[in-house]
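Good morning, and thank you for joining this group meeting. Please look at the structure on the screen, and I shall guide you through several of its parts.

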Amino acid sequence: MYSTHENVRIVIALLKEYQIRHIVLNPGGTNIPIVQAVQDDDFFHCYSVPDERSAMYFAIGLHLQTGEKVATSCTSAQATRNYLPGLTEAFYKHVPILAITTSKLERYEYQDYMQAPDQCSLPRDAVKKSYDLPQVVDVNTRVLCQQRAREAMLELTHHTPGPVQLNIRIDDRVQSVFDQKELPSVRTIKRYEYWDDWSELELKGKKILVVIGEHRPFTQAQMEAIDAFTQRHHAAVYTNNLSNFHGRNTVQGNLLVSSRRIADSRLCPDIVITVGGQTGDYSIFGALSGLGERTEVWRVDRGGDVVDTYGRLTKVFVSPDADFFKRTATVDEVEENNYFTEWETEIQNLVTDTQLPLSNLYVAQQLHSLIPENSYINFAILNSLRCWNYFPLKASVKGFANVAAFGIDGCTSMLVGESMNTEELCFLVTGDLAFFYDMNALGIRHIRKNVRILLINNHTGAEFRVMTRPWKDKVKLDQFVAASGHNGTAKGWAEDCGFVYLSATTKKEFEEKKFIFVAPSEQPVVFEVTTNPDDEVKAIQELIGSNSNEPAHTPKAILKKVLGPAGTALVKNLIKQ
């Protein structure tokens, strides 16, 4: 029987999964749920050492003799402090000891509560990292506990081995109840170092989807390695305008996954391999987060970080991109499948010439093919990025956006920085809130004539009209959420800063000036297109609706497709609040 403390049960389950069987136990009250779980379990080799200082050195000795990872468990109060001398020795000796500490709930720290010092304030040369597990009260804290406990155990031998702290929060106001018969089923993640045996990987006959997020332009060697892998395994490579990859099996599938479900279709992958940074792509996030147990996710990361974006991660490969794909191109026999062809066929059947109102989406539809070869293009986050990702750019065009931290600020400044050391045209697609937030960048004295700024000004945060459509009868959006009705245009400031200023309020005006915008000029250019925020929403509905293979094209159905299951659930929870 196990404690009702679910965070404890998660840790015990993962200790078993990661084969950490030696555990040194210190007496105490707060860690009773841990001791009770392991003391009568034949899987664990338990050792009782009353003195925490001695216990840590004892654990070091266990590792030196067995070569295995070792766990320890202590109570709260000053117990963790007594680990410090031994942890320091383990740190410099590179001994993988999982120091499982326990502490009271977060709200009692620094409040003169009994036995509640901060347990996670260890010196930087005592443990490689500290992980803190909250009480499990909902699905969010459950997933968080699983993530942190897994990462703590993986970190023991990541790069240079060493000690790691795993702190578990225990509510001491509630008497421990030991009535749980089973440990939870917890997904494990395996990290593959470059020197590990990869022969156990199974790729034969698998439907493989490589997802490339934000990435600098690929080298020839990287592209050849990915192409060789995808050709051999008939894999599809999902990209968007931030991926900067244009290989043989590439599919730009944003519009497809925004319009149709892939979970129950022929497009549903067996293995997803993620490369690069964030995609900035809510549609693929929603699609992959909604996949079932049959799909696993592999992560390629030269630092070996555990990045479980889609909640299905099973393997992390500590390897540069090219090396991973070279090594796995021949890891298994080839078995014919038409997975890439399925994606290609679906995308070729999409309709992109839908009649749209004047909007960011309309501008992207009309302008994406006119962006000159070898240009650079940046996208402000959310609506600009979403709209332009529905349309492919020329292979030589390089795309970027501030999706790492995903903030509204700095979009113009980053584009200006990119323009400094190239003669190619450098474009920015931005909305009014993002533009005015960073408008001082136009005054940078280094600005060159190759800068092109496309400002979609709808005098509001159009994203909030898309994301919060279900709230329209519950929340007043315009004045404070979407900052509607703010004053001004870019004209005066742009011209004062030496820009050519273009503007359009109709499709006709836009069509007349779009070629000027993409042409060489002796001055940088700002092109301000004024749109209606309701038309921004309508345009997305029209394009997604015209490509949906489901009969329902209602605004609610379209929103679900744009946001995906995870995004829709988030909106629903916010509405309930």
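Which strands does helix 14 (residues 411-418) lie across? Please bear in mind, as we look, that this is a predicted model. Helix 14 lies across strand 16, strand 17, strand 18 and strand 19 (451-457). Relative to strand 18, helix 14 runs at about 175°.

Let us turn to the sheet to which these strands belong. It is an open sheet of six strands, in the order 17-16-18-19-21-20, and the pairing is parallel. Strand 17 (398-401) and strand 20 (500-504) are at the edges with a single partner strand each, so one side of each has no neighbour in the sheet. From one strand to the next, the twist averages 15°. As an example of pairing, strand 16 (residues 376-379) and strand 18 (residues 426-431) are joined in the parallel sense over four bridges. Within strand 18, Val429 is the bridge partner of Phe379. As general background, the strands of a sheet pair through backbone hydrogen bonds, either parallel or antiparallel.

I now move to another sheet. Here six strands form an open, parallel sheet in the order 3-2-4-5-7-6. Its edges are strand 3 (45-48) and strand 6 (130-133); each has a single partner strand, so one side of each is left without a neighbour in the sheet. Neighbouring strands of this sheet are turned by 20° against each other on average, direction ignored. Strand 2 (residues 22-25) pairs with strand 4 (residues 70-73) in the parallel sense, over four bridges, and His22 stands opposite Val70 in strand 4.

Two helices should be mentioned with this sheet. Helix 3 (residues 52-66) lies across strand 2, strand 3, strand 4 and strand 5 (97-103), at about 165° to strand 2. Helix 6 (residues 139-155) lies across strand 5, strand 6 and strand 7 (164-169), and runs at about 155° to strand 6.

Next, the interior. Which residues have the most contacts inside the largest nonpolar core? They are Leu15, Leu98, Trp343, Trp388 and Leu454, in a core of 102 residues. Helix 1 (residues 6-17) gives the largest share of this core, seven residues. A second, separate core has 24 residues, including Leu201, Ala225, Val237 and Phe245. Returning to Leu98, and leaving aside its neighbours within four places in sequence, its contacts include Leu15, Val70, Met153 and Leu166.

Finally, helix 9 (residues 282-289). Among its buried residues are Ile284 and Leu288. At the start of helix 9, a side-chain oxygen of Asp281 comes to within 3.1 Å of the backbone nitrogen of Ser283. Thank you for your attention.

Notes. Residues are numbered from 1 along each chain as its sequence is written. This is a predicted model: local features need pLDDT of at least 70, side-chain atom pairs count only at pLDDT 80 or more; totals for chains, interfaces and linings use all residues. Side-chain values use heavy atoms; hydrogens and water are left out. A nonpolar core is a set of buried Ala, Val, Leu, Ile, Met, Phe, Trp, Tyr and Cys residues joined through side-chain atoms within 4.5 Å. Buried means under 20% relative accessible area, exposed over 50%, partly exposed in between (1.4 Å probe, protein chains only). Contact means heavy atoms within 4.5 Å. A polar contact is a pair of N or O atoms within 3.5 Å; within protein, one must be able to donate a hydrogen and the other to accept it, and residues adjacent in sequence count only if both atoms are side-chain atoms. Two strands pair if DSSP finds at least two bridges between them. Axes are lines fitted to C-alpha atoms, for helices over the stretch in contact, and angles run from 0 to 180 degrees between N-to-C directions.
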